[in-house]
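Work through the two exercises below with the structure open beside you, and try each task before you read its solution. Bear in mind throughout that the model is predicted.

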Amino acid sequence: MTEHKSEFISALVDRGYLYQATDLEGLDAAAHQGPITGYIGFDCTATSLHVGSLVQIMMLRRLQQAGHKPVILLGGATTKVGDPSGKDTSRPLLTPEVIAENKAGILKPFEKLLTIGDGPTDALVVDNDDWLGSYGYLDFLREYGRHFTINRMMTFDSVKLRLEREQPLTFLEFNYMLLQAVDFLELNRRHKLTLQMGGADQWGNIINGVELCRRVDGTQVHGFTTPLITTASGAKMGKTADGAIWLNEDRLSAYDYWQFWRNSEDGDVGRFLRLFTDLPLDEIARLEALEGAEINAAKTVLANEATALLHGREAAERAEQTAKETFAGGGAGSELPTLEVTQAQLSAGEIMLGDALVSTGLAGSKGEVKRKAKENAVKVNGEAVSDPNLILNPDLLEDGLIRLSVGKKHHALVKVTG
């Protein structure tokens with residue numbers, strides 16, 4: 001293993017974050033000499049980021065842990081264009097009102113995983129609409145368009161792959177890489193920022209920013225990308241049959257988040273512990289070496305540590321206890337999604353199984369309930385139910401509860417409150 005001078009680069013390399021870097025040795029030397037400032041950009045395309053973005057947030061956390069300053073760049077301006085990287089189709093155009101709402105939502109996990117404030121190593125939140133929004137079109141083209149050639153832009157994956165698949169690439173999207181490059185230049189000027197990080201699909205955009213800083217201001221800056229995070233079976237990280245694994249608790253409960261990590265594949269446990277927890281590397285090596293049924297203990301540690309970082313230690317402990325109660329104690333864990341009803345509603349036949357499953361989040365629609373019921377995946381009190389229109393009634397109550405399940409891992413409760 002190559003010895004690195006700085007704590008920051010050592011952590012990134014040893015924990016598996018490195019895919020490509022413009023000058024790893026130079027970046028290592030700079031981080032060793034004194035505090036550096038680095039950023040990652042996040043466009044505001046939804047009210048929450050999902051777990052696929054977590055590796056980027058964790059890189060900012062590693063930067064801060066090593067005594068450097070992270071910058072969270074929110075793409076108030078670039079969201080209006082849409083990043084074509086890794087996409088076969090154009091992203092939907094969002095209104096300023098929707099972008100503002102999304103911006104507020106995606107900041108929530110950063111508040112848990114980083115210290116944000118005015119201190120020398122506190123994370124800084126900025127919005128690229130502050131500078132990109134003020135440019136006139138002709139001024140922007142004259143100032144920066146001359147530094148980019150169409151020949152070079154056509155070689156980057158975000159453009160090349162779309163064209164190879166014979167999918168349209170709008171001129172609006174074609175401009176995205178120019179905007180991101182100018183972000184790097186502006187941040188370097190405003191905050192002496194010398195590092196941009198991102199996923200592997202951002203390499204071309206990052207290179208453009210590095211070169212623009214050199215051409216316009218003669219400044220040396222650095223780029224660093226992570227590998228595409230996939231599971232041991234090759235699936236994209238965070239994409240499950242039940243939908244995205246959101247980071248905000250109003251989109252996904254702490255219990256379901258815990259379950260996502262607990263259900264990791266055996267071959268992913270060590271890698272995910274290095275990337276997504278703060279456990280020491282020697283402890284991770286011990287857990288990674290467990291075999292057979294013992295690997296489940298390592299998965300529980302992964303679930304607890306990852307959940308504690310985002311939702312707090314108490315939430316992680318409650319989730320673990322709920323899982324034990326659910327799978328070993330009859331499926332009535334206290335953290336399960338719960339639909340509260342009255343005895344009168346049950347007696348009057350007002351609660352339909354399909355509605356209860358949708359309300360508790362076990363199904364996204366009544367159509368999904370119907371499909372799951374045909375597959376014998378829907379259970380009431382542990383018994384398979386084929387009729388999604390079943391009316392829940394008082395006879396189904398066990399200790400004041402009706403237990404609902406979809407598949408082996410998703411459970412909810414109907415609880416009588418009066």
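**Exercise 1.** Determine which element gives the largest share of the lining of the largest cavity, and which classes of residue the lining has.

*Solution.* Begin with the search of the whole structure, which finds one cavity of 30 Å³ or more, and note that the largest cavity has a volume of about 30 Å³. Next, list the residues that line the largest cavity, which are Leu54, Met58, Leu113, Tyr257, Phe276, Ala306, Leu309 and Leu310. Then assign these residues to elements: α3 (54-65) and α16 (295-311) are the ones that give two or more residues to the lining, and the largest share, three residues, comes from α16. Finally, sort the lining by class, which yields eight nonpolar, no polar and no charged residues.

**Exercise 2.** Check whether the span of helix α12 agrees with its number of residues, and then describe what covers its buried residues.

*Solution.* Helix α12 has 15 residues, 203-217, so at 1.5 Å a residue, counted as one less than the number of residues, it should span 21 Å. The C-alpha atoms at the ends of α12 are 21 Å apart, which agrees with that expectation. Now turn to burial, where a residue counts as buried under 20% relative accessible area: the buried residues of α12 include Gly204, Ile206, Ile207, Val210, Glu211 and Cys213. Among the elements that cover the buried residues of α12 are the helices α7 (137-144), α8 (150-153) and α11 (176-191), together with the strands β5 (195-199) and β6 (222-226). As a last step, look just past the helix, where α12 is followed by Gly218, whose phi is positive, near 65°.

Key: Residues are numbered from 1 along each chain as its sequence is written. This is a predicted model: local features need pLDDT of at least 70, side-chain atom pairs count only at pLDDT 80 or more; totals for chains, interfaces and linings use all residues. Side-chain values use heavy atoms; hydrogens and water are left out. Helices (H or I, at least four residues) and strands (E, at least two) are DSSP runs, numbered from the N terminus. Buried means under 20% relative accessible area, exposed over 50%, partly exposed in between (1.4 Å probe, protein chains only). Contact means heavy atoms within 4.5 Å. On a 1 Å grid over the protein atoms alone, a cavity is a set of points where a 1.4 Å probe fits but cannot get out, and a pocket is an open set with protein on both sides within 12 Å along at least five of seven lines; lining residues have an atom within 4 Å of a point. Grid points are joined across faces, edges and corners, and a volume is the space filled by probe spheres set on the points. Ala, Val, Leu, Ile, Met, Phe, Trp, Tyr, Cys and Pro count as nonpolar, Asp, Glu, Lys and Arg as charged, and the others, Gly among them, as polar.
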